[in-house]
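Me: Please take me through one sheet and the helices beside it, with the terms spelled out as they come up.

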Amino acid sequence: MTVNLELNGRRVAWDCADGETLKELLRRKGVVSVRDGCDGEGACGLCAVILDRKLVNSCIILAAQAEGSSVVTVEHFSKDRKLSIVQRALVDAACVQCGYCTPAVVLAIHELLGRSNAPSDVEIRDALSGTLCRCTGYEQFYAAVRIASMRLTDPAYSEAAAPEFRPDLRHVGKDRDKIDAFTLVRGEKAFVEDRVDADACHLKLLCSPHAHAWIRSIDTKAALAMPGVIAVFTHENCPDKVYTTAGQGFPEPSPHDQRMFSRKVRHVGDRVAAVLAETARQAEAACKAVRVEYEVLKPVLSIAEARADGAPVVHSGEVRYVSGEPPEGTGVAGDGRDDPVVYQFPLHADPHRNLAASVSSGIGDVERGFAEADVVIERTYRGNRVQCTPLEPHVVYAKVDGGRLVLHASTQVPWHVRRIVSRAIGIPENKVRVIKERVGGGFGAKQDIVVEDMAGYVAWTTGRGVYFRYDREQEFVSSRTRHVMEITVRLGAKKDGRLTAIFMKLDADTGPYGQHCLTVPMNAISKSLPLLLCDNARFEVKSYYTNLSPAGAYQGYGAPKGSFALQTALAELAAELGMDQLELIEKNRVRSGARIEILKSLGEGREGIAVTLGECGLGEMLERGRKAFAWGSKPVSDDPDWKIGHGAVIIQQGSGLPGLDAANAEIRLLADGTLLLLSGGADLGTGLDTVTAKAAAEILGLEMADVTVISGDTDVTPFDKGAYASSGTYFSGNAAVKAAEDLKRKVLAAAAAVLGEPEADLSIAPRGIVKGKMGEVTLAKLAHMSTQGEYHDDLTGFGTFKTDHAAFPYGAHFVEAAVNVRSGDVKLRRYHAYQDCGTPINPALALGQIYGGVLKAVGHSLYEEMIYDANGRCVNARFLDYKIPTIFEVPEDFTVEFVPVEDEVGPFGGKSVSEISLNGAAPAIAIAIHDACGAWMREWPFTPERILRAMGKLR
Amino acid sequence: MVTKFLKPRDAAEALSMLASVKGAVPLAGGTFLLSSQFRDEPMTVVSVAGILPSGVSRTGNTVEIGAGATFQDIIDSPDAPAVLRKACLGMADRNIRNRATAAGNAAAGKSCASLPPVFLTAEASFEFAGGNAPLPAESWLASPSGLITRIKLVFDPERLYGYERWSRTACDVSVLTAAASWRLSGGVVKDLRIACGGLSSHPRRFPELESLFEGKPLPKRSDIEAAVSPFLSPIDDVRGSAAFKRLRASILVADAIMNAEAQP
């Protein structure tokens with residue numbers, strides 16, 4: 001049929017199928033701003049359009065239903081590449097992070113302002129109610145609407161999006177436009193899905209319906225004979241090698257235990273077969289035609305089941321060690337049927353008993369410490385499985401170009417993708433190019449090579465362009481989740497509150513494969529224990545294989561669960577001692593000049609080093625929170641059903657992996673005096689490219705517009721470890737600093753020769769002018785001379801950053817929660833985050849990182865949990881039943897304040913900012929709930945049902 | 001998955017199409033029918049948008065809602081009573097409210113649908129295309145059939161009306177809903193109507209609860225909760241255990257009764 005629309009003021013008549021949705025039609029016709037985060041469930045709002053002046057989700061409207069209608073997409077507001085009043089306001093308020101939801105937000109606000117030119121907060125919340133955003137925490141959207149609204153009458157209106165820092169610097173510590181914001185706010189091509197060639201084929205997966213089973217036989221003949229089918233892949237025709245999907249430095253501290261397709265499936269959703277066909281529907285149909293006979297095995301569905309005597313064995317193949325010896329008493333001989341498990345070095349594992357990795361260590365004499373204590377408490381905390389839920393799911397476009405494999409990837413780790421894919425396929429790295437596109441949310445899930453190995457192999461073997469995108473259910477069950485952890489904390493203290501001993505026992509569920517199986521649980525310890533000064537501390541960590549969804553990296557990398565356990569236990573100890581919670585924290589917390597001995601036992605795969613801390617901002621943070629919350633005098637609700645409580649915690653993170661990782665950048669001075677910065681860093685929406693651009697502009701006396709950043713392209717940019725472990729600003733940012741300083745040295749040397757003045761007399765002044773005592777020369781002139789072969793060589797700087805220095809950001813989070821003691825409902829009345837990220841390089845963007853991190857953690861604490869049935873099938877693998885926060889779940893008073901303590905190694909004194917933000921919500925909310933209603937919440941999420949059970953109101 | 005889209009000129013033709021194509025279903029806003037949960041089911045749809053009335057009006061005590069009125073249309077209408085607007089606002093996602101229709105919400109056949117509990121406590125009746133006799137909402141919800149054109153509700157100025165819902169997050173689907181209407185006469189509760197969603201296969205009135213309080217002085221909230229709880233039989237599912245839902249629904253019923261207000 002033909003559908004007639006007025007699209008962005010232009011009449012169009014387009015053919016469509018009866019069942020084609022408006023979203024599908026618009027995308028097919030090249031309207032790329034219409035995104036998709038929920039596969040047509042109507043739950044995410046990213047496909048929003050304004051249809052006949054109303055904001056609607058185009059995924060649940062048939063194109064035919066729109067006949068004769070007016071349709072407005074964000075392209076309407078991006079004419080001539082200018083920005084509308086709303087687009088500009090979103091950039092000014094630092095609301096553009098990954099940008100995947102941004103076009104929908106633009107439309108929602110335009111539609112709102114069309115109805116109400118000075119909207120209230122209630123109206124703003126209502127207008128944005130249908131748009132899911134996982135990055136921003138929504139808080140800054142209110143400012144964006146206010147700015148846009150004010151500019152309706154006063155076009156010159158402006159307001160500061162954040163406080164400024166470092167008055168001695170021109171760009172650093174000041175708000176500047178995020179350098180990819182314009183592209184994203186205009187809804188232009190930026191993501192993997194926008195790079196797919198018209199003749200690309202589609203790859204679809206046949207997923208396992210069983211949690212644990214052997215594939216007895218698999219018959220692909222019928223599928224291969226179906227229309228449009230090009231190839232079918234199974235364990236019978238894929239490379240016979242195992243690898244890890246963890247995007248970590250090599251050799252990885254994760255077992256190589258995953259084959260592209262295995263003859264054994266280990267979780268519901270595991271790979272059974274993949275079909276490449278000319279259309280997505282053909283590939284889906286052919287998947288259904290693959291005949292599989294399974295030998296179903298009893299699954300392992302919990303940590304308790306995994307460690308039980310006689311438990312089913314998730315990995316029964318041979319266990320090999322590339323270096324080192326197997327732990328004594330562990331079995332290594334395989335059953336001759338399953339794939340091998342290969343450890344690069346020992347992780348104290350015993351896979352045939354489902355133990356993927358373990359570690360234990362500590363300082364002092366814990367038993368003596370407990371014996372000396374006046375009070376000893378022991379509590380167990382459980383954090384359930386949560387999903388990263390990037391709104392752009394895992395996606396890749398793979399093709400062969402010039403005899404090489406090219407991967408357009410949505411990844412946090414382009415170089416690890418290159419290495420792992422090349423080894424999985426069996427081709428050298430010089431035959432693989434990875435181009436990191438804009439990433440529509442990563443949050444750790446895209447630190448793993450979840451789709452690139454298979455798509456790369458299929459493209460390499462067939463020569464066809466291969467588009468492979470997880471649907472939302474696959475994203476839930478087959479990408480990466482936060483490990484389930486059960487953490488027992490034992491604390492001993494004197495009557496005055498001084499800790500005498502700490503013991504943490506942590507059991508984790510890594511799922512069917514061991515990516516990050518040791519490092520994530522270890523981080524739960526290494527980012528919580530060092531917050532407390534105690535001479536006697538010990539930990540035991542064990543990570544078990546199960547047949548549930550794969551676990552992996554997720555923002556915070558284990559730290560949120562460790563923080564939940566230890567900080568809540570500390571509060572429980574305070575209650576036991578009859579002490580104020582903050583007083584107990586104050587007595588034991590890390591402070592300026594403290595020697596952190598526990599770090600000796602917390603090395604990342606090597607001997608750790610005790611550190612003497614420089615300045616620590618925790619004291620000021622606690623003081624600010626104490627004052628803002630009038631600590632000790634909580635409000636009383638007018639409604640007897642609602643009880644109000646306060647909670648506070650201290651938190652920390654790291655800034656990259658000292659001694660393990662490295663980052664590089666190259667910077668080229670172009671002939672007109674502008675810069676091309678080639679950064680290895682992988683900006684996944686956080687603003688890392690803006691950090692590196694600022695470094696270059698700051699050091700070379702230029703404006704931000706003078707710097708173009710190309711990042712994360714393995715052919716073009718130099719190596720970078722990737723975006724994980726809170727390393728972006730610290731490592732990639734510092735590499736850019738070093739590259740700019742290298743170029744500056746060369747520029748000054750060249751200018752000295754041109755001007756005939758000593759280098760010591762020269763400096764670079766805005767805008768790109770080298771000034772001496774007698775003369776001056778522009779960067780453009782110097783660059784032009786280099787291209788003409790005059791005086792000096794090409795002006796290019798190179799920077800490498802690696803360090804053994806550990807930089808810790810700290811934070812204190814305060815919560816005021818109201819608990820309805822009849823219903824168990826919880827309202828977050830106030831959430832204050834006081835955080836130190838050193839110098840905030842982009843203050844408003846850093847605020848956004850914190851708001852977003854906190855709100856994710858609020859979701860984990862109150863709503864989110866993957867739920868499995870008795871057969872290991874996740875029963876809520878969709879946004880309809882896995883609830884992530886919307887704008888309605890934002891705390892009523894949501895405040896972030898910086899308490900900067902500059903780091904001597906960090907770029908301009910900067911440290912990491914994002915991941916730490918997730919470490920406070922769970923314990924702070926749990927403590928506030930207890931303060932309100934007397935119930936200790938030891939399992940997250942703290943659903944009303946769990947709260948009522950903890951209160952004894954529900955059995 | 002929609003395999004055939006039919007666009008009738010009027011309600012009569014829509015009825016004819018629905019009758020002549022086996023399995024054909026009427027399509028209004030589509031927020032339920034077109035969601036991906038039906039992606040694998042071949043479907044013929046008959047588009048009724050634009051051919052059914054969509055206005056909201058009030059004549060005396062009677063509020064008339066066109067079957068094609070969206071949730072947002074109802075919220076925006078000055079003729080919509082507050083309790084009805086509250087029920088519509090329970091669907092917190094504006095994008096959905098801009099498409100989801102009043103009749104579609106009833107016709108989707110969902111146990112936890114937002115609006116039917118209000119319909120049931122406001123003496124709602126459904127009118128149909130093709131001249132079929134109007135039916136009380138309660139009868140129709142128990143055995144749906146026919147193409148709804150209008151919903152008529154009666155809001156007696158002597159009565160008080162309340163509505164409550166529970167969902168996990170604001171934009172979640174309603175997990176449990178409760179509506180109540182009653183009047184106070186001689187110090188006792190009279191003509192109490194209680195309707196709930198999420199507790200049975202479809203939203204329905206609960207006469208067994210109504211009779212607990214009929215003709216008696218208004219009890220305390222906690223007494224209502226305790227009294228109704230044994231009569232509620234929700235199921236365990238991903239949204240909550242039966243025990244929790246029973247407790248939560250008891251609270252909703254108590255609040256719907258106690259928070260009820262006149263609808264001027």
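Me: In what order do the four strands of the open sheet in chain A run?
Reply: This is a predicted model, in which local features need pLDDT of at least 70, side-chain atom pairs count only at pLDDT 80 or more, and totals for chains, interfaces and linings use all residues. Residues are numbered from 1 along each chain as written, chains are lettered from A, and side-chain values use heavy atoms without hydrogens or water. Strands (DSSP runs of E, at least two residues; helices are H or I, at least four) are numbered from the N terminus, and two of them pair if DSSP finds at least two bridges. With mixed pairing, the order is β29-β37-β38-β39 of chain A.

Me: Which residue of β39(A) is the bridge partner of A:His832?
Reply: Strand β38 (residues 826–835) of chain A pairs with β39(A) in the parallel sense over six bridges. In β39(A), the partner of A:His832 is A:Thr895.

Me: Are α21(A) and α22(A) parallel or oblique to each other?
Reply: The axes, lines fitted to C-alpha atoms over the stretch in contact, give angles from 0 to 180 degrees between N-to-C directions. Those of α21 (residues 843–862) and α22 of chain A come within 8 Å and cross at roughly 55°. Under 35 degrees counts as roughly parallel, over 145 as roughly antiparallel, 65 to 115 as roughly perpendicular and the rest as oblique. The crossing angle therefore makes α21(A), relative to α22(A), oblique.

Me: Which residues of α22(A) does α21(A) meet?
Reply: Contact means heavy atoms within 4.5 Å. From α21(A), A:Val854, A:Ala857, A:Val858, A:Ser861 and A:Leu862 take part, and in α22(A) they meet A:Ala921, A:Ala922 and A:Ile925.
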